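Me: I am new to this structure and would like a close look at its aromatic rings. Please explain where they sit and how they are arranged, and then carry on into the surroundings as far as the account will reach.

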Amino acid sequence: MNLSEQPVLCTGKKQGKWKEGSGTKVLITGAGGFIGRFLVEEALRRGYEVWAGIRATSSRAHLPQDRVRFIELKYDDPPALTAQLATHVREHGAWQYVVHNAGLTKTVRRENFALVNAEYTRRVLEALEGAGCRPQKFLLMSSLSSYGAGDEKTRRPIAREDVRRPETAYGESKRLAEDYVERQTAIPWVILCPTGVYGPGERDYRMEIQSIRAGFDFAAGRAPQYLSFIYVKDLAEVVFRALENPAGRNCRYLVSDGKTYSDTEFARLVQQLTGRKHVLRLRLPLWVVFLCCLFSEGFGRLTGRAMTLNIDKYRILKRRNWTCDSEPLRRELGFSPAFDLRRGLEETLRHEF
């Protein structure tokens, strides 16, 4: 392939050199976040021409700026967003794939969930159609939270056919975003609902790992909580399998490594991998967890900081079954995870600690 070099001019600023190629074009929104940077990495590995959709305040620290192009999407102004994408089509051509990964997982103001996670999804879809920039496939990165927890008596894994009953503001915003994607008919789509995503750069599980390394394991509720996980690199592979495979069209997938773990098993595995000999394990009553989350959320409102512990988090912690059925991934897309929890944690620990 013959390559030429030209400056990156999408945002009006020179940002180094980008190599022009003839590969398939993909737009990845939320590219500067934890999951986004691994999506960019996987797209580059597969030879895509990668456009990183970001906000003006987004970090670019983990993105290879000499290998991607940046576009600051105007989510807050729908007509301007449509005009921006129309200009992009004239100057660069349409993207074959769009991965809409941008979103909020925590916020001080709960109404921001509906705006950023749901309304911005609708605006992007309408702008793509209005600008004549229809991709071959639009992939929404949603969440298992759009379903709510699974049955706690039978511990049956959540299935994609189940009725979605989100219990959190975050989950409700993701359910609404899914509805926007499914109702439109102009663009073929696929929706991914990953379970707990972990890996280098993820913050919530990192806090738990740090606590165990310090000798303390705090669990919510007296009964074990059953969990499922997906390592971020495996999730990135699922994304591109879903985009490239004709089977992944106008359908949804729940994403996990296919295994179930208890919160105790997770903690003991972290203890083993970190070499911590003694850990004090405390199972806190749910009323104590609720008060901690309530206080933390109140403190966040006073300081203007989005806190990890909040009422949404309490609603997740109190449920005992967060497992899901990811068999359709294997059956329809041929996906087999490269990382179980042990291997994923080993790699995470190597990079983070």
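Reply: Tyrosine 205 makes a good place to begin, and it is partly exposed, because its relative accessible area of 22% does not fall under the 20% that would make a residue buried. The model is a predicted one, and what follows should be read with that in mind. Phenylalanine 266, by contrast, counts as buried because its relative accessibility is 3%, under the 20% limit. Tyrosine 205 and phenylalanine 266 both belong to one aromatic cluster, whose other members are Tyr198, Phe229, Tyr231, Tyr261 and Phe339.

To place these rings in context, it helps to know that the count of aromatic pairs comes to 15. Phenylalanine 34 and phenylalanine 38 make up one of them, with ring centres 6.0 Å apart and planes at 75 degrees, so this pair is edge-to-face. The two residues lie in helix H1, which covers residues 34–45, and because they are four residues apart there, about one helical turn separates them. A general point stands behind this: an α-helix has 3.6 residues a turn, so residues three or four places apart point the same way. Phenylalanine 34 and phenylalanine 38 are both buried.

The rings of tyrosine 205 and phenylalanine 266 also have their centres 6.0 Å apart, but their planes stand at 50 degrees, so this pair is tilted. It links distant parts of the chain, since tyrosine 205 belongs to helix H5 (residues 204–213) and phenylalanine 266 to helix H7 (residues 263–274), with their positions 61 residues apart in the numbering.

Some rings also have a charge over them. Phenylalanine 339, which belongs to the aromatic cluster, has the charged end of arginine 343 over its ring, 4.2 Å from the centre. In another such arrangement, the charged end of arginine 60 sits over the ring of phenylalanine 70, at 4.5 Å from its centre.

Another phenylalanine leads into a strand. Phenylalanine 138 is the bridge partner, in strand S7, of valine 98, and four bridges join strand S6 (residues 97–100) to S7, the two strands running parallel. Five of the five residues of S7 (residues 137–141) are buried, so the strand is largely enclosed by the rest of the structure. Phe138 and Leu140 point one way from S7, while Lys137, Leu139 and Met141 point the other way, and all are buried.

The loop between S7 and helix H4 (169–183) holds threonine 168, which counts as buried because its relative accessibility is 8%. Leaving aside residues up to four places away in sequence, threonine 168 touches Asp312, Arg315 and Ile316. Arginine 155 lies in the loop between S7 and H4 as well, where it counts as partly exposed because its relative accessibility is 40%. The phi of arginine 155 is near 60 degrees, a positive value in a residue other than glycine.

The contacts of threonine 168 point onward to helix H9 (311–317), one of the elements against which the buried residues of helix H8 pack, along with strand S10 (216–220) and strand S15 (280–284). H8 runs over residues 286–303, and its 18 residues reach 26 Å from the first C-alpha to the last, close to the 26 Å expected. Its buried residues are Val289, Cys293, Ser296, Glu297 and Gly300; seen down the axis of H8, they fall within an arc of 100 degrees, so they line one face of the helix. Aromatic residues appear on the opposite side too, for the face turned away from the buried side carries the exposed residues Trp287, Phe295, Arg301 and Leu302. H8 is followed by glycine 304, whose phi is positive, near 75 degrees.

One more aromatic residue brings the account to a sheet. Tyrosine 226 stands opposite asparagine 321 in strand S16, and two bridges join strand S11 (residues 226–227) to S16, which run parallel. These strands belong to an open sheet of three, in the order S14-S11-S16, with mixed pairing. Strand S14 (261–262) and strand S16 (321–322) are the edge strands, each pairing on one side only.

Definitions and conventions
Residues are numbered from 1 along each chain as its sequence is written. This is a predicted model: local features need pLDDT of at least 70, side-chain atom pairs count only at pLDDT 80 or more; totals for chains, interfaces and linings use all residues. Side-chain values use heavy atoms; hydrogens and water are left out. The expected span of a helix is 1.5 Å times one less than its number of residues. Buried means under 20% relative accessible area, exposed over 50%, partly exposed in between (1.4 Å probe, protein chains only). The arc is that of the directions from the helix axis to the C-beta atoms. Contact means heavy atoms within 4.5 Å. Rings of Phe, Tyr and Trp (its six-membered ring) pair if their centres lie within 6.5 Å; planes under 30 degrees apart count as stacked, over 60 as edge-to-face and the rest as tilted. A charge sits over a ring if NZ of Lys or CZ of Arg is within 6 Å of the ring centre and within 35 degrees of the ring normal. Two strands pair if DSSP finds at least two bridges between them.
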